[in-house]
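Here are some reading notes for a colleague who is new to looking at protein models. Please keep the structure open beside the text and find each place as it is named.

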Amino acid sequence: MKATFSTILLSSLGSTVLWLLLVPGFAAQTGSDGLVGLLGMERQVLGVVGALLIGYWADRGLIHRKFAFLQWLQLALAAVFLLMTVLDAAGPDFVLVWTALRFALVGACSVLAYRLLADASGSSAQGAVLQMVTSPQGAMVFASVICASVPVWTSHSLTVALVFDVVASMAVLVLLAPRLERPAPGAGGYELGWDDIAGRLAGAVKSYWLPQLWPWNLLQIGFLVSLAGMMVYASVLAEGQDLVPSGIAFSSAWFFYGLAFWLTAPLLRRPAAAQRWAFVFAAVLTVCGAVSAVAGRSAYGVHMALYIVLTFVNAYWIHFTNARILEPAPKDRLGQIRASMIFYLGVVFGVGEQAVGLLLELSRGMLFLDLLHIAGGIALAGALLVIRNRFSHTAPVPTG
């Protein structure tokens, strides 16, 4: 269990360090909040595509071998980007295309990582919590510290990030080598189902709406809408504030995003307490929106504090709804259901990054975002009350 946990965390750390140093460089290169939002949307949406393509594959065994294969592909992509950077040929168009390919692989790896952790922990719900802790989001807590220190001693931040990604991928492959399964002759397991790729994708997307997952799947959609745009929000704050050096402000913000996943995970150990905490974080979301609206857009100190609080709201609700959805999920479709969850998270958050990026370019855009947080918190608390009253017979979720 510890070996699986560490291997997946290291894999996520490589791509996360790269992402945190790529965004500020891309923002400086293009000078456009809209393009930064597009980069964030592309990362989310292409990650979703990768997850959907792998969902069916992940339910057919040989998970360690498949995970290693994707690591080889990520290693090759990092090496190509490193070469283009050294040659000073990595323009905005190249970055957009590369990001699409790289984070499609990250999305695919996340589904395989969930299957590995669910099998190792013996619990679908606990596997979901552990997967978010070791995911690129959870790895932020370590990656942000690395990224904040890199600009202090070198101006070639992106080159360092690419080297780190290469080394991390190589280390993951070494750690995976002793655990690679030996496929039985003629047993298969590698088939992606390309003969009916449209059917596989549609099946993964529709897996989210299985009757066993109701009503938590619908509640998760509402939560995702209410907290979309966090990456662009952090980027705008990093560029506008003067309390922290701008070169490290963006990566520093993501320290709290990753820390939130680690600190909120233990709050799900007891099912009854987990639901109470969900009410608390829904109320906090509403309060954050109200405080932001009163403070105004230029109060960067207030917004930085609110961003930290919102990362905890976001992390807890991801843990809470993931565990509630996956506990009753059919075991033979876990990969496809996890892929469908990534699909809806990626689409809502991805489109949200672009929408919030364009919204914050308007003079009153921050106020609209505040109203979304207020309405979202009220809607989530109300939905929890309805679920508690109508579905009180639902079995508790042992998330561990």
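1. Begin with helix H1, which gives five residues to the lining of the largest pocket, the largest share of that lining. Please bear in mind throughout that this is a predicted model, and that the values quoted here are computed from it.

2. How many residues line the largest pocket, and which of them lie nearest its centre? The lining is made of 17 residues, and those nearest the centre are Gly 25, Gln 29, Thr 85, Ala 90 and Leu 158. Two or more lining residues are given by each of three elements, namely helix H1 (2-30), helix H3 (63-86) and helix H7 (157-176). The volume of this largest pocket comes to about 330 Å³.

3. The cavities deserve a separate look, and the structure holds five of them with a volume of 30 Å³ or more. The largest cavity has a volume of about 470 Å³, and of the 31 residues that line this cavity, Arg 43, Gln 44, Pro 136, Gln 137 and Leu 345 are the closest to its centre. Several helices supply at least two residues each to this lining, including helix H2 (33-58), helix H4 (92-121), helix H5 (124-134) and helix H13 (300-326). The largest share, seven residues, comes from H14.

4. Helix H14 (residues 334-359) is also the place of Ile 342. Is Ile 342 buried or exposed? Ile 342 counts as buried because its relative accessibility is 13%, and the cut-off for that word is under 20%. Leaving aside residues up to four places away in sequence, Ile 342 touches Gly 47, Val 48, Ala 51, Gly 107, Ser 110 and Val 111. One of these partners, Ser 110, is 232 residues away from Ile 342 in sequence, yet the two C-alpha atoms are 8.7 Å apart in space.

5. Ser 124 can be read in a similar way, starting from its place in helix H5. With a relative accessible area of 4%, Ser 124 is buried. Its contacts, again without residues up to four places away in sequence, are Tyr 114, Leu 326, Glu 327, Lys 331 and Leu 334.

6. Asp 88, by contrast, is exposed, because its relative accessible area is 72%, where exposed means over 50%. Asp 88 lies in the loop between H3 and H4. A reviewer would also wish to check its backbone, since the phi of Asp 88 is near 60°, which is a positive value in a residue other than glycine.

7. Which kind of peptide bond runs from Trp 214 to Pro 215? This bond is cis, with omega near 0°, and is worth finding in the model. Trp 214 lies in the loop between helix H8 (197-207) and helix H9 (216-226), and Pro 215 has its place in the loop between H8 and H9 as well.

8. The surface around that loop residue closes these notes. Trp 214 counts as partly exposed because its relative accessibility is 47%, a value that falls between the cut-offs of 20% and 50%. Together with Trp 209 and Leu 218, Trp 214 makes a nonpolar surface patch of about 330 Å².

Methods
Residues numbered from 1 in each chain as written. Predicted model: local features only at pLDDT ≥ 70, side-chain atom pairs only at ≥ 80, totals over all residues. Heavy atoms only, no water. Patch = residues over 30% accessible without salt bridge, like charges linked within 9 Å, V, L, I, M, F, W, Y side chains within 5 Å. Areas by Shrake-Rupley, 256 points an atom, 1.4 Å probe, with all protein chains shown as cover. Salt bridge = Lys/Arg side-chain N within 4 Å of Asp/Glu carboxyl O. Helix = DSSP H or I, 4+ residues; strand = E, 2+ residues; numbered from the N terminus. Buried < 20%, exposed > 50% of the residue type's maximum accessible area, 1.4 Å probe, protein only. Contact = heavy atoms within 4.5 Å. 1 Å grid on protein atoms, 1.4 Å probe; cavity = no way out; pocket = protein on both sides within 12 Å on 5 of 7 lines; lining within 4 Å. Points joined across faces, edges and corners; volume = space filled by probe spheres on them.
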